[in-house]
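Please take a moment to look over the model shown here. We will walk through parts of it together.

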Amino acid sequence: MLITIITWIGILIVLLVLLLFGYFAFRYWQHMGNLPKPPYRQLEHKPTPANWADHEVTFTWIGHSTLLLNVFGTKIITDPVLGEKLGIRIAGMHIGPSRFTPPALSCEEVGEVDLILLSHAHMDHVDLPTLRKLAKRSTHVITAQGTSRLIRHLPFGSYEEIQPHQQTMTADGVKITAIPVRHWGNRFPWNRDYGYNGYVIEKNGVCILYPGDTAYMSMENLKEEFGQIDLVFMPIGAYKPDSYQGAHCTPEQAWQMFKQTGGKWLVPIHWDTFVLSQEPVEEPMERLLAAAGVERDRIVMEKQGETYSLPQ
């Protein structure tokens with residue numbers, strides 16, 4: 001009798017799991033059906049980081065939120081995602097969005113980096129296959145609170161977690177300050193202890209803001225805390241439907257936050273790579289340029305693979 005009860009309980013649990021999987025699969029495909037379907041496109045620009053000078057600040061937008069910077073000889077990459085597809089594998093299926101724009105650099109072309117910044121654990125920001133390829137003993141990783149468990153098995157030289165308002169200094173003199181942003185950190189529904197950060201990067205008097213993902217929030221305090229901010233990377237995509245704006249700013253809000261920082265130059269990110277939301281894929285930049293108006297020349301990068309060096 002006891003064995004029969006246990007057997008039926010097991011069957012019910014399996015049925016429940018299958019029902020839940022079916023429900024979430026249905027919701028996922030329903031969501032995907034409402035998204036734009038842009039054709040795959042090729043890049044117009046190809047960066048050559050091997051030629052960048054160590055006495056200045058040079059960077060490129062690889063795609064989505066992945067940026068490669070040479071900051072006075074320190075090679076930094078943010079939220080590296082260089083694969084063709086996001087998501088997870090279940091029963092031989094890869095569930096998740098594919099790129100419609102290729103990465104401007106492969107892992108091999110990126111090469112060895114000194115510092116990796118991880119803002120939060122979402123799969124479009126922490127891509128484990130990419131991190132496995134970039135893992136070197138010479139590389140230090142800074143990540144959000146509670147998220148180092150995702151990378152501690154990888155052969156990085158060192159890693160540390162910081163949370164908003166904490167600072168750390170790297171061995172080659174880069175000061176990283178974590179700042180609060182309006183977002184969330186769960187990789188799966190149960191990762192309630194995963195944190196999320198933006199970062200301010202400082203070296204040799206140059207100040208760079210990388211907020212990762214954020215909904216609109218006032219950033220007026222940053223110029224008081226950090227002084228002149230030279231370069232601001234700001235997310236501009238994934239804002240439709242309107243409910244997404246609880247975690248992602250609109251292009252107009254991105255411009256407003258950039259102005260609040262007092263930053264000199266703006267680079268829009270988090271768009272034109274993966275289809276994650278319902279706005280047309282070209283719309284974020286169109287709306288950002290309209291919001292900038294006569295100041296649109298302060299937007300120094302519009303296409304993936306472009307390279308820019310801060311004026312001396």
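The paragraphs below visit a sheet, a helix packed on it and a patch on the surface.

This is a predicted model, where local features need pLDDT of at least 70 and side-chain atom pairs count only at pLDDT 80 or more, while totals for chains, interfaces and linings use all residues. Residues are numbered from 1 along each chain as its sequence is written, and side-chain values use heavy atoms, leaving out hydrogens and water.

Let's begin with the open sheet, whose 6 strands follow the order 9-10-11-12-13-14 with mixed pairing. Strands (E, at least two residues) and helices (H or I, at least four) are DSSP runs numbered from the N terminus, and two strands pair if DSSP finds at least two bridges between them. At the edges sit strand 9 (167-169) and strand 14 (265-269), each pairing on one side only. Inspect strand 11 (residues 198-203) beside strand 12 (residues 206-210): they pair in the antiparallel sense over 5 bridges. There, V200 has L209 of strand 12 as its bridge partner.

Now find helix 5 (residues 251-261), which lies across strand 12, strand 13 (231-235) and strand 14. Among its buried residues (under 20% relative accessible area, 1.4 Å probe, protein chains only) are W255 and F258. The buried residues of helix 5 pack against those three strands, helix 4 (220-226) and helix 6 (283-292), with contact meaning heavy atoms within 4.5 Å. After helix 5 comes G262, with a positive phi near 75°.

Finally, turn to helix 1 (residues 2-33), where L12 is found. L12 is exposed, with a relative accessible area of 54%; exposed means over 50%.

Definitions and conventions: Axes are lines fitted to C-alpha atoms, for helices over the stretch in contact, and angles run from 0 to 180 degrees between N-to-C directions.
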